[in-house]
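Please open the model in your viewer and keep the sequence panel beside it. We will go from stop to stop, selecting a few residues each time.

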Amino acid sequence: MREYHYRIDREGRIFHDGTEIVDAATLRFFLLALQRTPDGRWLALCQGERNWFEPYDTPFVVQRLKLDVAEARLRSVELCFAGDYREPLDPATLEHDGARLFCRVRKSAFRARFGRMAIQQIAPWLGDDGSGPAITLHGRRCALGAVQPHSQTT
């Protein structure tokens, strides 16, 4: 069985032998096929090939957001990943560690980290009224959970 090794940088870009993978279909495939092995490594199987991924911290990095805003209110958020893979944000899964923002993706199976641009896009709707950090969505406040130290990359 052939094996390939990839590196994922802190902004979610995927590299093979120092060259960035830019083919959208390939990037989407990898993000949908990635699984965690029992030893904690990241693997995507494809036609008898093993594709191993070494992420900066997580392979799922929200690169940008598609925001639905009406009358200055945030109505919905679509997460955009490498290869233009997209899925809706479930605000109930938002977590923070004091410096970074995370959410759950792929049917809540994995944690994704918001990249630099995505943080800038969502920042106007994040705040703390004294009761802890939250996002305002549909005119309602939704509290952000705190990341549990043992599970930051799952």
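**Stop 1: strand 13**

Select strand 13 and look at its two faces: Phe-110, Ala-112 and Phe-114 on one side and Arg-111 and Arg-113 on the other are all buried, so both faces are covered. In a regular strand the side chains alternate between the two faces of the sheet. In total, 5 of the 5 residues of strand 13 are buried, so the strand is largely enclosed by the rest of the structure. Buried here means under 20% relative accessible area, exposed means over 50%, and partly exposed lies in between (1.4 Å probe, protein chains only).

A word on the ground rules before moving on. This is a predicted model, in which local features need pLDDT of at least 70 and side-chain atom pairs count only at pLDDT 80 or more, while totals for chains, interfaces and linings use all residues. Residues are numbered from 1 along each chain as its sequence is written, and side-chain values use heavy atoms, with hydrogens and water left out. Helices (H or I, at least four residues) and strands (E, at least two) are DSSP runs numbered from the N terminus, and two strands pair if DSSP finds at least two bridges between them.

**Stop 2: the partners of strand 13**

Add strand 12 (residues 101–105), which pairs with strand 13 in the antiparallel sense over 4 bridges. Val-105 stands opposite Phe-110. The two strands form a hairpin with 4 residues between them, and Arg-106 in the turn has a positive phi of about 50°.

Now add strand 7, which pairs with strand 13 in the parallel sense over 2 bridges. Here Val-62 has Phe-114 as its bridge partner.

**Stop 3: Asp-57**

Go to the loop between strand 6 (49–55) and strand 7 (61–62), where you will find Asp-57. Is Asp-57 buried or exposed? Its relative accessibility is 14%, so Asp-57 counts as buried. Show side chains as well: that of Asp-57 makes a polar contact with the side chain of Arg-113 at 2.7 Å. (A polar contact is a pair of N or O atoms within 3.5 Å; within protein, one must be able to donate a hydrogen and the other to accept it, and residues adjacent in sequence count only if both atoms are side-chain atoms.)

**Stop 4: the lining of the largest pocket**

Select Ala-99, Arg-100, Leu-101, Phe-114 and Ile-119, which lie nearest the centre of the largest pocket among its 17 lining residues. Strand 13 (110–114) and helix 2 (116–122) are the elements that give two or more residues to this lining. (A pocket is an open set of points on a 1 Å grid over the protein atoms alone where a 1.4 Å probe fits, with protein on both sides within 12 Å along at least five of seven lines; lining residues have an atom within 4 Å of a point.)

**Stop 5: the six-stranded sheet**

Next, select the open sheet of 6 strands, with the order 3-2-1-6-5-4 and mixed pairing. Strand 3 (19–20) and strand 4 (35–36) stand at the edges with a single partner strand each, so one side of each is left without a neighbour in the sheet. Strand 4 runs antiparallel to strand 5 (residues 42–46), joined by 2 bridges, and Gln-35 stands opposite Leu-43.

**Stop 6: the three-stranded sheet**

Finish at an open sheet of 3 strands, antiparallel and ordered 14-15-16. Its edge strands are strand 14 (126–128) and strand 16 (140–143). Strand 15 and strand 16 form a hairpin with 2 residues between them, and His-138 in the turn has a positive phi of about 60°.
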